[in-house]
There are 2 protein chains.
Amino acid sequence: MPDLRKDPIVGRWVIVAKSRARRPHDFDTSPARRPGGFCPFCEGQEDKTPPEIIAYRRPGTPPNGPGWRVRVVPNKFPALEIEGDLNKRGEGIYDMMRGVGAHEVIIESPRHLISTAELSEPELQEVLWAYRDRLTDLKRDRRLVYGMVFKNVGAAAGASLEHTHSQLIVTPIVPINVWEEMTGSLEFYNYRGRCVYCDMIQQELATEKRLVHDSPTFVAFCPFASRFPFETWILPKVHGSHFENIQPAGVEDLASILRTVILKLEAALDRPAYNYILHTAPFDTQELPHYHWHIEIMPSLTRPAGFEWGTGFYINPVPPEEAARFLREVETETWEPERVAVR
Amino acid sequence: MPDLRKDPIVGRWVIVAKSRARRPHDFDTSPARRPGGFCPFCEGQEDKTPPEIIAYRRPGTPPNGPGWRVRVVPNKFPALEIEGDLNKRGEGIYDMMRGVGAHEVIIESPRHLISTAELSEPELQEVLWAYRDRLTDLKRDRRLVYGMVFKNVGAAAGASLEHTHSQLIVTPIVPINVWEEMTGSLEFYNYRGRCVYCDMIQQELATEKRLVHDSPTFVAFCPFASRFPFETWILPKVHGSHFENIQPAGVEDLASILRTVILKLEAALDRPAYNYILHTAPFDTQELPHYHWHIEIMPSLTRPAGFEWGTGFYINPVPPEEAARFLREVETETWEPERVAVR
């Protein structure tokens, strides 16, 4: 069972997995990369993963066999484990608890696709429904307070398998970055009476200089204080704090803009490694006037070094205005998302 | 001139450099890696760097020529620039200022050494004196409030040149990570009346299970909530908040333990890429009872992915107790720091 340990100075929690390695170079516990070769996420290989939690599949097909379109399974190398109680305790001045939580993998296609942009819009919609269904199910577990959906694409972004997939990690405490978003946006709300994200949307739509894509219900832009080159956020225009309250029309529109933005990033940067992260409100909150769910997409073009680790400052060599202009203007009609590994 | 831009939600500042690149793949603005070949940091190549700010050199040798032991020069690709005023201003809801500050490189040896462990203790002492002298000088500039000394070793840790060197970035605002350390340790102090770092030192010396190296005046241990495998901190046993107040005996002892710990990390992990970061109090503070300067060393064995970026949680596959045991027991007598590139 992993531990959750709290830094006594800044309050940051760390997941410490118990390793049985005996020598330092045994310590790399990530699953092997398997570009090209055998893939445990492909249709027909269902017995190579833990049994499925849910799958959207052809009527009449049994679980853990072919016939699915999206399939959710427990991570074979989980960061947190679902069984047991938290056993919160101290060790001298330190605080810790058992690493209770969930770590699931959303396999986005039965075919060995590599890019989200290779999915059709209806296929991508089903991926978003899987996010929503898993969050809705897991938030009933009173031990758990936060669900983070994220996607790693390419080795430079931390992906270990190339078959297109997302992950969901559900934690028994609100992560520090989410806590900072919640408290920062609440401070803004208390001071100005408005949602800071709604204000950002309004300003970005008005000036257009960091705008990447505008649609009737969603907007994509490169944020004013982008940490990374070509960092791009997607937000719903209508305020809402919880992604899992999304409606069918919202899923359709989100799939469309998410696919468009990823296509643009792939065409502009020639299939970069990237992460995207769904930011949504903690489980134990009702609809919040100050928080606004959104997706942050971060290409892995630069690598944080000592200065970034030490300060939390980021050095971004590409002004978001330039990045957004490239992304607005990039030609995607002739771009063919292909079955080749990301760079 | 770079911009400093503030994220309106969490208050994080980002340095945005104006790029003149015209196409996305022109955007990699980091200097080329030059392992092996020509090195602008070697003795005799002084004209390949901007003119030196200070150097410890043989009496009678003129600046910007051979004869130095440690040499400090402006970074040729500075993240911040020293000239001009801050020009703090708004852009709608956003806050920004000019990227005023300093970005210097401390070249640690005239010889083309790659590892800190290749320096003798007296040589490493001079490197520490250079940190101290530059911080003391720069803190007289009233526009600047924080000086971060750090070292990147190996490409995986963000280094672009292999010749052993450190960097110093001085900023006009207190970085968010430093701010969190300052406020977190103040909270602890207000509640318990003690320095949290002093408490940690006491507990680590008492239990010994995360202890890496103990010396009369400094201690090295793997912190309880280590974010990274083999993360190791070095702290002075006597409380002090400002590194730049270090005395000659302290420099001697610090050089000794720093060299020992790096030798241990190199021997245990076969010359890993790593960062070390000097954490010290902001310029505009007097001696603080709640803050304790220290050095954090972080080998680059894992790579943060979507989950880490999204949550601020880290997943560490190596318990610090195991890492510390390896580092305590590793054989360094037969380990030869060599002139080969880090992995």
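By what turn and what shift along the axis can chain A be laid on chain B?

**View 1. The two chains of the predicted model, superposed.** A turn of 180° with a shift of 0.0 Å along the axis lays chain A on chain B, and the RMSD is then 0.0 Å. The two copies are therefore related as by a two-fold rotation axis. The interface can be described in a similar way: 100% of the interface residues of chain A are also interface residues in chain B, so the copies meet through the same surface.

**View 2. An open sheet built from strands of chain A and chain B.** The sheet has 5 strands in the order 5(A)-6(A)-1(A)-2(A)-15(B), and the pairing is mixed. Its edge strands are strand 5 (89-91) of chain A and strand 15 (314-316) of chain B, each of which pairs on one side only. From one strand to the next, the twist averages 30°.

**View 3. The pairing of strand 5 with strand 6 in chain A.** These two strands run antiparallel and are joined by 3 bridges. Strand 6 of chain A covers residues 94-98. Which residue of strand 6 is the bridge partner of G90(A)? The partner is D95(A).

**View 4. The largest cavity.** The model contains 3 cavities of 30 Å³ or more. About 670 Å³ of space lies in the largest cavity. Of the 39 residues in its lining, those closest to the centre are N177(A), E180(A), Y314(A), N177(B) and Y314(B). Chain A gives two or more lining residues from each of helix 2, strand 13 (274-279), strand 14 (294-299) and helix 5 (306-311), while in chain B helix 2 and helix 5 (306-311) do so. By class, the lining has 17 nonpolar, 8 polar and 14 charged residues.

**View 5. The second largest pocket.** This pocket holds about 1200 Å³ of space. It is lined by 39 residues, of which E180(A), T183(A), W179(B), E180(B) and T183(B) are the closest to its centre. Which elements each supply at least two residues of the lining of the second largest pocket? They are helix 2 (176-192) of chain A, together with strand 6 (94-98) and helix 2 (176-192) of chain B. The residues of this lining divide into 21 nonpolar, 6 polar and 12 charged. E180(A) is thus named among the residues closest to the centre of the second largest pocket, and E180(A) is also named among those closest to the centre of the largest cavity.

Key. Residues are numbered from 1 along each chain as its sequence is written. Chains are lettered from A and ligands numbered from 1 in the order in which they are written. This is a predicted model: local features need pLDDT of at least 70, side-chain atom pairs count only at pLDDT 80 or more; totals for chains, interfaces and linings use all residues. Side-chain values use heavy atoms; hydrogens and water are left out. On a 1 Å grid over the protein atoms alone, a cavity is a set of points where a 1.4 Å probe fits but cannot get out, and a pocket is an open set with protein on both sides within 12 Å along at least five of seven lines; lining residues have an atom within 4 Å of a point. Grid points are joined across faces, edges and corners, and a volume is the space filled by probe spheres set on the points. Helices (H or I, at least four residues) and strands (E, at least two) are DSSP runs, numbered from the N terminus. Ala, Val, Leu, Ile, Met, Phe, Trp, Tyr, Cys and Pro count as nonpolar, Asp, Glu, Lys and Arg as charged, and the others, Gly among them, as polar. Copies are superposed by least squares on the C-alpha atoms of residues with pLDDT of at least 70 in both. Contact means heavy atoms within 4.5 Å. Two strands pair if DSSP finds at least two bridges between them. Axes are lines fitted to C-alpha atoms, for helices over the stretch in contact, and angles run from 0 to 180 degrees between N-to-C directions.
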